[in-house]
Amino acid sequence: MTLDELINDWNGLPAKGDRIPLLNDETLRDGLQSPSVRDPDIAAKRDLTHRLARLGVDAVDLGMPGAGPKALAAVRALMVEIRDHRLPLSPNVAVRTLETDLAQVAEIQQRAGMPLEAGAFLGSSPIRMDVEGWDLDFLVGTARRAIAFCRRHEVPVMMVTEDSTRARPDVLKAIYGAAMDEGAQSICLSDTCGHATPDGVRRLVRFIKDEVVKDRSVRIDWHGHNDRGLGVANAIAAFEAGADRLHGSILGIGERCGNVALDQLMINLHLMGYPKGDLSDLPALAELVAELCDVEIPANYPVLGRDAFRTGTGVHAAAIVKALHRGDVELADAVYSGVPAALVGRRQEIEIGPLAGHSNVVYWLEMNGYDPSPERVDRILQAAKNSPRILSESEIRAVL
């Protein structure tokens, strides 16, 4: 039987249709807004843009040029990198709806000789309006002036409403309507505080698509956060409801609890029938981001963590070993794994610890060139049962 015949997939068949999700990487902007990360130097950021392009990402947020001279220099350098190496990435930046910020975008675009999308953001929820003392007329007027400025300077603009998932329908309709009237080619819904659930995301995106955008040729973006642990699920719900481009960062780094984890999103989209490039580079990219930004990848992090394809449990190991003894690597990769390790260039790993069985030990001995004699197996298994954790390679060899 084929693997498809051996798995009854309640998720349904792979998605069909003409829509392909676009991906916007936020690692170099919102990702670096995490209070715990280190800001890499420009050379490292150049390298990251090349890696993201090879991975199949469509667009990249280069930063917030209005944050200061260092941020501005990085954006300028990355624009040149994308231009000179003809990287298949659409660059964008985050800016306030202030003429000073927008003028910077126009200047960077002019200097580089290529389009730079301005992600002009503006608060939209009642709680933010109350804190700031804003009313709807102020928000609509601000949006109109910002988009009109961009239109005059031929800067492509994405109208971003902060805290969209807690905003009133009439406010979103008014802001986005004014922005589109003035020439915004895209709009972005933001779950700024990580408030939304998948059902809430679907309702919001459908409302925007059906009641606001309607038949206009305008791209709808989704920018989510992970405060409730729903970042990836919400991004998928947004796409299924009609969003065109999804934002995320490598390892989900970003404000507070972080952004949508772009790596996890890409894995899920691939398994849903939307492949985006060669994902075998993901582990190396994630490790590089972790090193450059001084963050740690948790052992149980999905797909990329140390333990993602590692087991020390006897029952699990026995099933994997049986599949391998049949010469069926694909089956071994699926019997106790919801994501094929081979998809990201990894393999199933069997360890020896307190919960191990004979299969764990026999597999280790065979893989390391030892005869799996009963006496050897028993000695190692006894050591494992008396250990509080997985045995290291040196500990196993000491027993031998």
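These exercises walk through a predicted model, from its barrel to one loop residue.

**Exercise 1. How many strands form the closed barrel, and in what order do they run?**

Solution.
- Step 1. The barrel is closed and has 8 strands.
- Step 2. The order is β1-β2-β3-β4-β5-β6-β7-β8, and the pairing is parallel.
- Step 3. On average, neighbouring strands of this sheet are turned by 25 degrees against each other, direction ignored.

**Exercise 2. Find the bridge partners of N24 in β8 and in β2.**

Solution.
- Step 1. Take β8 to begin with. β1 pairs with β8 in the parallel sense, over 4 bridges. There, N24 has H247 as its bridge partner.
- Step 2. Now take β2, residues 59–61. Its pairing with β1 is parallel too, over 2 bridges. In β2, the partner of N24 is A59.
- Step 3. Trace the chain from β1 to β2. The path goes through helix α2, residues 42–55, and this β-α-β crossover is right-handed.

**Exercise 3. Which helix lies across β1 and β8, and at what angle to β1 does this helix run?**

Solution.
- Step 1. Locate the strands: β1 spans 22–25 and β8 spans 245–248.
- Step 2. The helix across them is α10, residues 262–271.
- Step 3. α10 runs at about 165 degrees to β1.

**Exercise 4. Describe helix α7: its span, its buried residues and what covers them.**

Solution.
- Step 1. α7 covers residues 169–182, which is 14 residues.
- Step 2. From first C-alpha to last, α7 reaches 20 Å. That is close to the 20 Å expected at 1.5 Å a residue.
- Step 3. List the burial. V171, L172, I175, Y176, G177, A178, A179, M180 and E182 are buried in α7.
- Step 4. Find the cover. The elements over these buried residues include α5 (126–132), α6 (136–152), β5, β6 and α8 (198–213).
- Step 5. Check the residue after the helix. G183 follows α7 and has a positive phi, near 115 degrees.

**Exercise 5. How many bridges join β5 to β6, and which residue in β6 stands opposite V160?**

Solution.
- Step 1. β5 is residues 157–162 and β6 is residues 186–191.
- Step 2. The two run parallel, joined by 4 bridges.
- Step 3. C188 in β6 stands opposite V160.

**Exercise 6. Is S164 buried or exposed?**

Solution.
- Step 1. Place S164: the loop between β5 and α7 holds this residue.
- Step 2. Apply the cut-off. Buried means under 20% relative accessible area.
- Step 3. S164 has 1% relative accessibility, so this residue counts as buried.
- Step 4. Look at the surroundings. Leaving out residues up to four places away in sequence, S164 touches S124, L172, Y176, C188, L189, S190 and L204.
- Step 5. Link back. Among these contacts, L172 and Y176 are buried residues of α7, and C188 stands opposite V160.

Terms used
Residues numbered from 1 in each chain as written. Predicted model: local features only at pLDDT ≥ 70, side-chain atom pairs only at ≥ 80, totals over all residues. Heavy atoms only, no water. Pairing = 2+ DSSP bridges. Axes fitted to C-alpha atoms, helices over the stretch in contact; angles between N-to-C directions. Contact = heavy atoms within 4.5 Å. Right-handed = clockwise from strand over helix to strand, strands pointing away. Expected span 1.5 Å × (residues − 1). Buried < 20%, exposed > 50% of the residue type's maximum accessible area, 1.4 Å probe, protein only.
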